[in-house]
Amino acid sequence: MLPREPPLRATNPVEERVIALIEPTASGLGFRVVRVRVSGNRRKRLQIMAERVSDGEMGIDDCSRLSRALSPVFDLEDPIPGGEYDLEISSPGIDRPLMRVEDFERFLGHDAKVETAAMQNGQRRFKGKIERIEGDVIVLTTDQGEAAVPFSALSDARLVLTDRLIEQDLKRARAAEVAEQENTDEGKTP
């Protein structure tokens, strides 16, 4: 049996319901739902963080496309009890949350901050380089040595903004621009 997923993508039944409602539509468009949050007291805000399955990116056009596709779903199944809310579709960003074991695998060698719901080896907060994944255990190299944190124990996890992470993101963005320009050039007739 697989370990129970920690409450990273959703923290309450309303957010879990939103994920269940939107995942088929998002997946059909080639997007992965990273996280859903509902916040606010009088006027609620529904934040949906998503990324393209193909490359982990999420541009403005992608946000618009996903928003338009989800509108009929939300019109049919009002996901937020109590009336009106603002919908916000966003990318995970460069210092993104890490919601799945696969996210940790994708960012091996980068720095992360993780927090657990209960004490693990006398502490709840860890910061260090993602060294390796052993099954469902995330191994970080911290200033105090290696820390092995079970994924199922996590309550929060995100990348730490570092020069290396920024450099890698800039390289990825440049490569994407070059690829897009090449595709545009191929479509032109001489």
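**Reading a predicted model, feature by feature**

Author: Glu-77 counts as partly exposed, at 34% relative accessibility. Keep that residue in mind. One caution before we go on: this is a predicted model.

Reader: Which class does 34% relative accessibility put Glu-77 in, and where are the cut-offs?

Author: Buried means under 20% relative accessible area, and exposed means over 50%. Partly exposed is the range in between. Glu-77, at 34%, is therefore partly exposed.

Reader: What does the whole chain look like in secondary structure?

Author: There are four helices and eight strands. Along the sequence, the order is α-β-β-α-β-α-β-β-β-β-β-α. The C-alpha atoms fill a box of roughly 60 × 55 × 35 Å along the principal axes. Of the 190 residues, 36% count as buried.

Reader: Now salt bridges. How should I read one?

Author: Start with the general idea. Side chains of opposite charge can pair when their charged atoms come close. Then look at the count here. The whole structure holds 22 salt bridges.

Reader: Which residue pairs with Glu-77 in a salt bridge?

Author: Arg-17 does, at 3.0 Å from N to O. Arg-17 sits in helix α1 (residues 13-28), and Glu-77 in the loop between α2 (60-76) and β3 (85-90), so the pair ties together parts that are 60 residues apart in sequence. Arg-17 is partly exposed too, with a relative accessibility of 34%.

Reader: Arg-96 and Asp-103 also form a salt bridge. Is Arg-96 buried or exposed?

Author: Arg-96 is buried, at 2% relative accessibility. Its partner Asp-103 is buried as well, at 1%. Their closest N and O atoms are 3.7 Å apart.

Reader: Where do the partners Asp-169 and Arg-172 lie?

Author: Both are in helix α4, three residues apart, which is about one turn of the helix. Their salt bridge has its closest N and O atoms 3.2 Å apart. Asp-169 is partly exposed, at 29% relative accessible area. Arg-172 is partly exposed, also at 29%.

Reader: Which residues do shared partners join into one salt-bridge network?

Author: The network is made of Arg-32, Glu-51, Arg-96, Arg-100, Glu-102, Asp-103 and Arg-106. Note that the buried Arg-96 and the buried Asp-103 belong to that network.

Reader: On to pockets. How much space lies in the largest pocket?

Author: About 540 Å³. Its lining has 23 residues, and those closest to the centre are Asp-55, Gly-56, Glu-57, Asp-169 and Arg-172. Two elements give two or more residues to that lining: β2 (44-52) and α4.

Reader: Which element gives the most to the lining of the largest pocket?

Author: α4 does, with eight residues. Look back at Asp-169 and Arg-172. They form a salt bridge, and both are among the lining residues closest to the pocket centre.

Reader: How do the lining residues divide by type?

Author: Eight are nonpolar, five polar and ten charged.

Reader: Which residues form a nonpolar patch on the surface?

Author: Leu-161, Ile-166 and Leu-170 do. Together they have about 250 Å² of accessible area. Take Ile-166 as one example. It lies in helix α4 (residues 163-187). Ile-166 is partly exposed, with a relative accessible area of 35%.

Reader: Now the backbone. What should I expect of phi?

Author: Most residues other than glycine have a negative phi. Asn-121 has a positive value, near 50°. Asn-121 is found in the loop between β4 (111-120) and β5 (123-134). Its relative accessible area is 72%, so Asn-121 counts as exposed.

Reader: Last topic: contacts across the sequence. How far apart in space are Glu-15 and Leu-46?

Author: Their C-alpha atoms are 8.7 Å apart, while 31 residues separate the two in sequence. Glu-15 lies in helix α1. Glu-15 is buried, at 1% relative accessibility.

Reader: And how far apart are the C-alpha atoms of Glu-131 and Phe-104?

Author: They are separated by 9.4 Å, with the residues 27 apart along the chain. Glu-131 is in strand β5. At 32% relative accessibility, Glu-131 counts as partly exposed.

How values were computed: Residues numbered from 1 in each chain as written. Predicted model: local features only at pLDDT ≥ 70, side-chain atom pairs only at ≥ 80, totals over all residues. Heavy atoms only, no water. Patch = residues over 30% accessible without salt bridge, like charges linked within 9 Å, V, L, I, M, F, W, Y side chains within 5 Å. Areas by Shrake-Rupley, 256 points an atom, 1.4 Å probe, with all protein chains shown as cover. Salt bridge = Lys/Arg side-chain N within 4 Å of Asp/Glu carboxyl O. Buried < 20%, exposed > 50% of the residue type's maximum accessible area, 1.4 Å probe, protein only. 1 Å grid on protein atoms, 1.4 Å probe; cavity = no way out; pocket = protein on both sides within 12 Å on 5 of 7 lines; lining within 4 Å. Points joined across faces, edges and corners; volume = space filled by probe spheres on them. Nonpolar A, V, L, I, M, F, W, Y, C, P; charged D, E, K, R; others polar.
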